[in-house]
Amino acid sequence: MAYLPEHAHQVRISEALARKEAEHLRYSLDTLFALPISLAWVRNLAHEPALAEKVEAFASRFSRLQDQLGEKLLPRYAVLVGESPKTFLDTLAFAEKAELLSNADTFIAARRLRNALGARVHAGRGDFSGKSAGST
């Protein structure tokens with residue numbers, strides 16, 4: 001595969017950062033999911049700051065990794081090989097075609113989930129039930 005060497009440095013930097021983010025996410029994943037998680041556990045997060053912090057760390061690290069991949073590494077890789085995606089969806093389509101992503105729709109679904117989780121974590125909601133603060 002031909003590539004534009006002037007872009008290789010930026011790709012290497014992005015790849016190194018993505019690997020670092022993946023390592024941090026793996027740590028959060030291993031520590032969080034070593035716990036027996038149940039609906040009661042999730043509902044109790046508002047009263048367990050240490051556990052809520054683990055969930056927030058996981059959500060934050062997942063978000064940073066996905067941002068690093070979708071907004072930095074994949075677009076830079078596309079430019080490296082001579083592509084010029086204009087939008088985020090173009091980048092994902094390129095990555096899927098280049099077999100860097102197995103499924104762009106899965107990446108998008110994960111992004112939506114992370115946005116929903118992040119909104120709940122940052123709003124201080126520990127129940128993740130989908131109900132608004134005033135509903136029952």
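A search of the whole structure, which is a predicted model, finds four aromatic pairs. In one of them, Tyr77 and Phe94, the ring centres lie 6.1 Å apart and the planes meet at 35°. An angle of 35° is neither under 30 degrees nor over 60, so the pair is classed as tilted. Tyr77 belongs to helix H3, whereas Phe94 belongs to helix H4, which spans residues 88-97. The pair therefore ties together parts that are 17 residues apart in sequence. With a relative accessibility of 22%, Tyr77 is partly exposed. Phe94, in contrast, has a relative accessible area of 13% and is buried, the cut-off for burial being under 20%.

A further pair is formed by Phe88 and Phe107, with ring centres 6.2 Å apart and planes at 45°. This pair, too, is tilted. Phe88 is located in helix H4 and Phe107 in helix H5, which covers residues 104-122. Parts that are 19 residues apart in sequence are thus tied together by the pair. Phe88 is partly exposed, at 25% relative accessibility, while Phe107 is buried, at a relative accessible area of 9%. Elsewhere, Phe33, Phe58 and Phe62 are joined by ring pairs into a cluster.

The loop between H4 and H5 contains Glu99. The phi angle of Glu99 is positive, at about 65°, although this residue is not a glycine. Glu99 has a relative accessibility of 71% and is accordingly exposed, the threshold for that class being over 50%.

Helix packing was examined for H1 with H3 and for H3 with H4. The axes of H1 and H3 come within 8 Å of one another and cross at roughly 160°. H1 is therefore roughly antiparallel to H3, as angles over 145 degrees fall in that class. The crossing in which H1 passes H3 is left-handed. Divided by residue class, the contact of H1 with H3 comprises 18 nonpolar, six polar and seven charged residues. For H3 and H4, the axes are 10 Å apart and the packing angle is about 60°. This angle makes H3 oblique to H4. The crossing of H3 and H4 is likewise left-handed.

The largest nonpolar core is made up of 14 residues. Leu32, Trp41, Leu45 and Val55 have the most contacts inside this core. At least two core residues come from each of three helices, namely H1 (8-32), H2 (39-43) and H3 (49-80). The greatest contribution is that of H3, which provides six residues. Another core, of seven residues, lies apart from the largest one. Among the members of this other core are Leu74, Leu101, Ala104 and Ile108.

Taken by helix, H3 recurs in these results: H3 packs against H4, carries Tyr77 of the pair with Phe94, and gives the most residues to the largest core. H4 takes part in both of the described tilted pairs, through Phe94 and through Phe88.

Note on methods
Residues are numbered from 1 along each chain as its sequence is written. This is a predicted model: local features need pLDDT of at least 70, side-chain atom pairs count only at pLDDT 80 or more; totals for chains, interfaces and linings use all residues. Side-chain values use heavy atoms; hydrogens and water are left out. A nonpolar core is a set of buried Ala, Val, Leu, Ile, Met, Phe, Trp, Tyr and Cys residues joined through side-chain atoms within 4.5 Å. Buried means under 20% relative accessible area, exposed over 50%, partly exposed in between (1.4 Å probe, protein chains only). Helices (H or I, at least four residues) and strands (E, at least two) are DSSP runs, numbered from the N terminus. Axes are lines fitted to C-alpha atoms, for helices over the stretch in contact, and angles run from 0 to 180 degrees between N-to-C directions. Angles under 35 degrees count as roughly parallel, over 145 as roughly antiparallel, 65 to 115 as roughly perpendicular and the rest as oblique. A crossing is left-handed if the near helix is turned anticlockwise from the far one by less than a right angle, and right-handed if clockwise. Ala, Val, Leu, Ile, Met, Phe, Trp, Tyr, Cys and Pro count as nonpolar, Asp, Glu, Lys and Arg as charged, and the others, Gly among them, as polar. Rings of Phe, Tyr and Trp (its six-membered ring) pair if their centres lie within 6.5 Å; planes under 30 degrees apart count as stacked, over 60 as edge-to-face and the rest as tilted.
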